[in-house]
Amino acid sequence: MFAAAFAVGGLLRLITMLGYGPAMWFNDSYEYVSVALHPRPHPIRPDGYGFWLLALKPFHSFALVTFTQHLMGLAAAVLIYALLRRKFGLPTWGATLAAAPMLFDAYQIQLEQLVMSDAMFTLLVVGVITLVLWHRRMSWKVGAVVGLLLALTWLTRSIGLPILALVVAYMLVKRVGWRPIVAMITACAIPVLAYMAWFSTSFGKFAMTNSDGLILYMRTAIFADCAKMKIDPRKELELALLCIEEPVDQRPEYAQWYLWRSEYGQPLHRLGGKTFESVKNDAASKFAQRAILSQPGDYFQVVARDFMRSFHWGRPTFPDPATFNMYEFRPYYQLVDGAPKRLPTWPSYQGRTDTDAYAYEQGPPETQIVSPWAEIMSGYQKVFYLRGIMLGGILLIGLYGVAVRWRKWGGPVALPWLASFGLLLAPAATAEFDYRYVLPAVPLACIAAAITLRHGVRRKKVTPTSASASEPTTARA
């Protein structure tokens, strides 16, 4: 059964590659390509995915990049199925059902076709959770492997740090021993500290990025009121320059505009210099922290509002039409002056976004929309995806599984459920909701729900008889 589902998932990905080759593009894609062409610490995001593009650069093929990402999506489904079948004893259909969103969700497949880090991040997170749940009595060697995967997760997306903390807490509760925990932390720390040291050579700051404070600033810019924050311009001029002049009820709904749109990001320009500088990042961080402490109710309101966006039945347009459309399979070209839209010509490090992509591909990098494959995936996407309200139901099942195991701190359900919940909450709390941030949380929520329900879907044990008394029964995990 799983082999058939796996084959269909692979076929859908093949159709996607035929219909939207060599790759699809997002605004962040061009920065990853720039890092692959000119290796350097990036001020906005860690370079893990950029290093992956660098490793594939000799092949000069974005089609190969997306092919490896589709393999990552399929591999994550295999890990989910193997964990639930072999470790927790679910029947074939139950484990296959839990892996179905990874195999069949149209938006998951589309995300794998984008030149983006999300497919890699999802596989790494699922790999970490699988290893930790599989090995109840963990050796220091397994702990080191988990630590290395956590380091790669952290280097791919900054949200990997809270996942490290969650895994350490889980291992302490499970009393796996100090050796695997020390090995895990050490294996994680070495590559991360090496990257931070490399980052400091370019920016004079021992950190992963120069953007955490600025991104938190855009989160709080929606509601920040300098009168409530009691900022004195005579003593805190730096913070006063970051105040937003428009009344709160007249500000744009989208937080990202206060960082990426020049007209709304004007307060950041008052400090002078480049946007992603250490001084400006530190000032923005202080402003954001003051806003949160001064207006906790307003902060929790915007966080809750963004968090609940994950659970709609449909997909309302958010954060803006341009971003929303980048996650859609379009069966036609977007025309500009009667011609297909080309890649943007934004300036990049030692080049331009479109020429960087051309240099990497050594040929035309624009998405080629090919019939009938494009029409197939466009129509498929309108029906076959995990709706937000379904994800909410899956999370509630996992929450029930944690609650009934409260004496054991949630048992094996707690780790995937908390990781899934955290992946949904973190963007809402530190940046802004985006549909692509939801997808990495889905497989973890499915794992938690499947473990919760495993006793209800497991086949009945064979009653020992004279013919079967010597056969062992499946022990409850």
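How many disulfides does the count come to, if a disulfide is a pair of cysteine sulfur atoms within 2.5 Å? The count comes to one disulfide, and I will start from that pair. Before I do, please keep in mind that this is a predicted model, in which local features need pLDDT of at least 70 and side-chain atom pairs count only at pLDDT 80 or more, while totals for chains, interfaces and linings use all residues. Residues are numbered from 1 along each chain as its sequence is written, and side-chain values use heavy atoms, with hydrogens and water left out.

The disulfide is formed by cysteine 226 and cysteine 243, whose sulfur atoms are 1.8 Å apart. This pair links distant parts of the chain, 17 residues apart, with cysteine 226 in helix α12 (residues 226-229) and cysteine 243 in the loop between α13 (237-240) and α14 (257-260); helices here are DSSP runs of H or I with at least four residues, numbered from the N terminus. The link is left-handed, with -110 degrees about the S-S bond. Both cysteine 226 and cysteine 243 are buried, where buried means under 20% relative accessible area, exposed over 50%, and partly exposed in between, using a 1.4 Å probe and protein chains only.

Two further cysteines can be described in these terms. Cysteine 188 counts as buried because its relative accessible area is 1%, and cysteine 446 is buried because its relative accessibility is 7%.

By contrast, consider isoleucine 376, which lies in helix α20. Isoleucine 376 counts as partly exposed because its relative accessibility is 38%.

Definitions and conventions
Helix = DSSP H or I, 4+ residues; strand = E, 2+ residues; numbered from the N terminus. Disulfide = S-S within 2.5 Å.
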